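Me: Got a minute to go through this model with me? I'd like to start with the overall fold and then pick at some side chains.
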Amino acid sequence: MPVQRSSRRSSASKNGTTKRGKASPKSRAKSTTRTSSHSSTTFPTKMKRILTFLLKTCLGLIALFLVTSLLAVFAYKWVPVYYTPLMAIRQVQGVEARGGGWQHRWVPLDSISPYLPVAAIAAEDQNFLKHNGFDYRAILDAYEEAQEGGRVRGASTISQQTAKNVFLWPHSSWVRKGFEAYFTVLIEWMWSKQRIMEVYLNSIEMGPGVYGAEAVAQEYFGCSARGLSRSQCALIVATLPNPLEYSSKHPSRYMRKRQRWIEVQMRAIPFLPKEEKISQKP
């Protein structure tokens with residue numbers, strides 16, 4: 001009988017447990033080591049899964065943006081632009097036309113005075129028909145002028161302004177400039193110069209709550225966009241740097257001065273040619 005008890009104690013000792021069923025210190029140490037080793041290998045694996053998920057999500061969002069932006073630009077090659085981000089922002093800000101609300105009516109380019117594209121080109125982008133969306137000479141001149149302590153002026157082309165008006169927000173930042181450049185490349189690639197001008201003149205802000213040529217013609221001059229005179233077109237374009245501050249309905253002396261300057265510049269600008277007559281872009 002004593003021999004049998006000794007055998008049972010020896011067996012229990014080999015199994016790493018005491019008589020009461022508790023693990024021995026040596027066994028607990030081994031278990032702790034295995035748990036620690038398992039935790040150290042699991043943490044990097046979890047982090048790798050999280051990073052992989054985030055990477056796939058980012059790539060998915062980028063792909064979604066590229067596809068939707070391409071489809072939007074392609075659709076707007078023919079579809080009228082009835083609503084823009086700027087219109088939404090102005091509504092939230094409470095900027096309204098006379099009588100409340102906002103005024104906007106899309107009309108084709110043929111229903112707009114031929115003097116209005118000429119005035120826009122004369123004042124905003126005299127190389128409109130020559131560049132591919134970016135006027136590098138104007139950008140360099142604006143940079144050099146700013147470096148010399150002169151006034152900070154924009155060098156955005158009509159194509160860039162159209163991209164901003166239709167797809168983006170007005171607040172200037174490097175992020176918006178990046179998106180603006182992207183959309184400018186797309187519309188110059190997919191649209192004709194006539195289409196860019198048509199969208200530009202129909203979507204641009206021309207007064208508080210007033211968007212586009214037809215709305216400003218009816219609201220401020222009591223005529224259709226087609227009936228605008230050469231002088232009226234120059235006055236409308238004179239307000240474009242800040243249509244919320246400058247008014248073509250009640251022009252200041254500065255506006256009249258700018259109007260006369262634009263009319264002089266218009267003498268050197270031909271009418272916007274038909275689409276098939278525009279020379280190939282360099």
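Me: So how many helices and strands does the chain have?
Reply: The chain has eleven helices and three strands. Both are DSSP runs numbered from the N terminus, with helices being H or I of at least four residues and strands being E of at least two. Along the sequence the pattern reads α-α-α-β-α-α-α-α-α-β-β-α-α-α.
Me: And what should I keep in mind about the source?
Reply: This is a predicted model, where local features need pLDDT of at least 70 and side-chain atom pairs count only at pLDDT 80 or more, while totals for chains, interfaces and linings use all residues. Residues are numbered from 1 along each chain as its sequence is written, and side-chain values use heavy atoms, with hydrogens and water left out.
Me: Fine. What share of the chain is buried?
Reply: Buried residues make up 36% of the 282 residues. Buried means under 20% relative accessible area, exposed means over 50%, and partly exposed is in between (1.4 Å probe, protein chains only).
Me: What about the exposed area, and what supplies it?
Reply: The chain exposes about 17,300 Å², and carbon and sulfur atoms supply 59% of that. The areas come from the Shrake-Rupley method with a 1.4 Å probe, and for residues only the protein chains shown count as cover.
Me: Now the sheet. What is the strand order?
Reply: The order is S1-S3-S2, in an open sheet of three strands with mixed pairing. Strands S1 (103–104) and S2 (205–207) are the edge strands, each pairing on one side only. Two strands pair if DSSP finds at least two bridges between them.
Me: Which way do S1 and S3 run, parallel or antiparallel?
Reply: They run parallel, and two bridges join S1 to S3 (residues 210–211). His-104 stands opposite Tyr-211 in S3.
Me: Let's switch to aromatics. How many aromatic pairs are there?
Reply: The structure holds 13 aromatic pairs. One of them is Phe-65 with Phe-179, an edge-to-face pair at 5.5 Å centre to centre with 70° between the planes. Rings of Phe, Tyr and Trp (its six-membered ring) pair if their centres lie within 6.5 Å; planes under 30 degrees apart count as stacked, over 60 as edge-to-face and the rest as tilted.
Me: Which helices does that Phe-65 and Phe-179 pair tie together?
Reply: Phe-65 lies in helix H2 (residues 25–75) and Phe-179 in helix H7 (residues 174–190), so the pair ties together parts that are 114 residues apart in sequence. Phe-65 counts as partly exposed at 30% relative accessibility, and Phe-179 also counts as partly exposed, at 29%.
Me: Which residues make up the aromatic cluster?
Reply: Phe-65, Tyr-76, Phe-167, Trp-169, Phe-179, Tyr-182 and Phe-183 form one aromatic cluster.
Me: And which ring does Lys-193 lie over?
Reply: Lys-193 lies over the face of Phe-128, at 4.6 Å from the ring centre. The rule for a charge over a ring is NZ of Lys or CZ of Arg within 6 Å of the ring centre and within 35 degrees of the ring normal.
Me: Salt bridges next. How many does the structure hold?
Reply: There are eight salt bridges, each being a side-chain nitrogen of Lys or Arg within 4 Å of a carboxyl oxygen of Asp or Glu. Among them is Arg-258 with Glu-124, with the closest N and O atoms 3.8 Å apart. That pair links Arg-258 in helix H11 (residues 253–266) to Glu-124 in helix H4 (residues 115–124), 134 residues apart. Arg-258 counts as buried at 17% relative accessibility, whereas Glu-124 is partly exposed at 21%.
Me: Where do Glu-198 and Arg-195 lie?
Reply: Both lie in helix H8 (residues 193–203), three residues apart, about one turn of the helix. Their side chains meet in a salt bridge at 2.6 Å, N to O, and both residues are buried.
Me: What does Arg-230 pair with?
Reply: Arg-230 forms a salt bridge with Glu-263, the closest N and O atoms being 3.6 Å apart. Arg-230 lies in helix H10 (residues 230–238) and Glu-263 in helix H11, so the pair ties together parts that are 33 residues apart in sequence. There is also a network: salt bridges that share partners join Arg-176, Lys-177 and Glu-180.
Me: Is Glu-180 buried or exposed?
Reply: Glu-180 counts as buried, at 2% relative accessibility, and its place is in helix H7. Leaving out residues up to four places away in sequence, Glu-180 touches Ser-156, Gln-160, Ala-163, Lys-164 and Leu-168, where contact means heavy atoms within 4.5 Å.
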